[in-house]
Amino acid sequence: MKKRSIITILSLSLFVLALTSVPAADLAIYSGPTNPGWISQEAAIANAEAIMNDDQMKAIFESIENYGDGDEVGSDSPLGKWMQAHTGNGQQDVFIAASGTAPSAIYQFPNVDPDGSNIENFIEDGNVFINVADWILYMSYEGGTRSANNGAAGAANVFDIPGLSFGNRGGPAVPTEEGKKYLPSLVEFQSDRPWHLEQFDGTDWEVTAFAISNNDPNSADPAVAVNTTYGGIIAAMWQKAQPNWSGDDPRAGGVIEFIANWLMENGSIATPVEAQGKATTTWGKIKLDR
């Protein structure tokens with residue numbers, strides 16, 4: 001009887017352990033209208049499809065949704081409803097702005113909700129936002145028409161860092177050791193919208209730079225920031241005015257590497273996290289709970 005009980009307990013323990021290792025995250029991609037001077041519509045769609053069709057991404061995420069033109073207008077849109085449904089659901093989900101723009105489903109322009117936008121609530125719940133191409137949260141092109149700009153305030157509001165800038169500083173971005181480790185396909189390139197690393201000093205954001213300008217150690221792209229208070233993650237990557245990349249487009253493959261390598265190691269997309277309000281989720285807790 002005792003032997004049988006031990007076997008039963010061991011079997012149950014292994015079952016519970018197996019459950020905790022099953023992916024518990026969903027992924028949404030926005031490939032709707034782009035700011036065409038920064039990334040072409042064709043490139044945004046191609047990058048979204050490459051991510052969706054990647055075997056690693058299929059294995060990591062329970063579901064992958066791609067939202068396009070018409071899906072992104074307002075909080076009641078399909079994208080807006082996805083964003084709200086994945087805030088407070090007890091798991092770490094991922095949203096990718098493959099178009100590099102900020103539709104009103106996630107952030108109403110021009111800065112209508114400087115605090116409490118869908119994307120800010122999503123991030124403050126411990127989720128992940130990945131932006132490529134244009135200045136993060138700068139504007140929308142939904143419906144094919146350029147919106148009233150959020151300007152620099154879009155990113156500043158969501159990061160809660162007054163005056164935050166991603167202005168051009170010149171100089172090629174050279175891969176760091178972290179870049180070589182986590183983004184092995186990363187090569188030197190000229191970023192037009194780099195992170196200004198000194199602006200994160202003294203904040204509750206911990207930034208990992210995957211490439212740094214060789215003439216300015218405070219300029220980085222790609223990079224990722226983790227909020228040490230609530231565990232939210234924001235990555236801005238390949239923010240360059242390159243409608244169609246010369247040679248192989250690094251944006252889709254690089255995002256795949258970021259998720260499969262860095263996020264799987266440092267995030268909690270493979271295990272549920274507690275919803276906001278039930279318990280405070282800190283960066284340290286997320287790493288311990290992986």
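Let me start with one pair of residues: valine 132 has methionine 237, in β12, as its bridge partner. I should say at once that this is a predicted model. That pair belongs to a longer pairing, in which strand β4, residues 128–132, and strand β12, residues 233–237, run in the parallel sense over five bridges.

Stepping back, these two strands sit within an open sheet of seven strands, with mixed pairing and the order β2-β1-β3-β4-β12-β11-β8. At its edges stand β2, residues 61–67, and β8, residues 205–209, each with a single partner strand, so one side of each is left without a neighbour in the sheet. From one strand to the next, the twist averages 15 degrees.

There is also an open sheet of five strands, ordered β6-β5-β9-β10-β7, and here the pairing is antiparallel. Its edges are β6 and β7, which each have a single partner strand, so that one side of each lacks a neighbour in the sheet. For β7, two bridges join the strand to β10, residues 216–220, in the antiparallel sense, and within β10 the bridge partner of histidine 196 is serine 219.

Now to the loop between β6 and β7, where we find aspartate 192. What is the nearest side chain of opposite charge to this buried residue? It is lysine 240, 4.4 Å away, and aspartate 192 has no salt bridge, the cut-off for which is 4 Å. A polar atom of the aspartate 192 side chain does, however, lie 2.8 Å from the backbone nitrogen of alanine 241. Leaving aside residues up to four places away in sequence, aspartate 192 touches several others, among them Trp38, Phe166, Asn168 and Gln239.

Definitions and conventions
Residues are numbered from 1 along each chain as its sequence is written. This is a predicted model: local features need pLDDT of at least 70, side-chain atom pairs count only at pLDDT 80 or more; totals for chains, interfaces and linings use all residues. Side-chain values use heavy atoms; hydrogens and water are left out. Helices (H or I, at least four residues) and strands (E, at least two) are DSSP runs, numbered from the N terminus. Buried means under 20% relative accessible area, exposed over 50%, partly exposed in between (1.4 Å probe, protein chains only). Lys and Arg count as positive and Asp and Glu as negative; His and the chain ends are not counted. A polar contact is a pair of N or O atoms within 3.5 Å; within protein, one must be able to donate a hydrogen and the other to accept it, and residues adjacent in sequence count only if both atoms are side-chain atoms. Contact means heavy atoms within 4.5 Å. Two strands pair if DSSP finds at least two bridges between them. Axes are lines fitted to C-alpha atoms, for helices over the stretch in contact, and angles run from 0 to 180 degrees between N-to-C directions.
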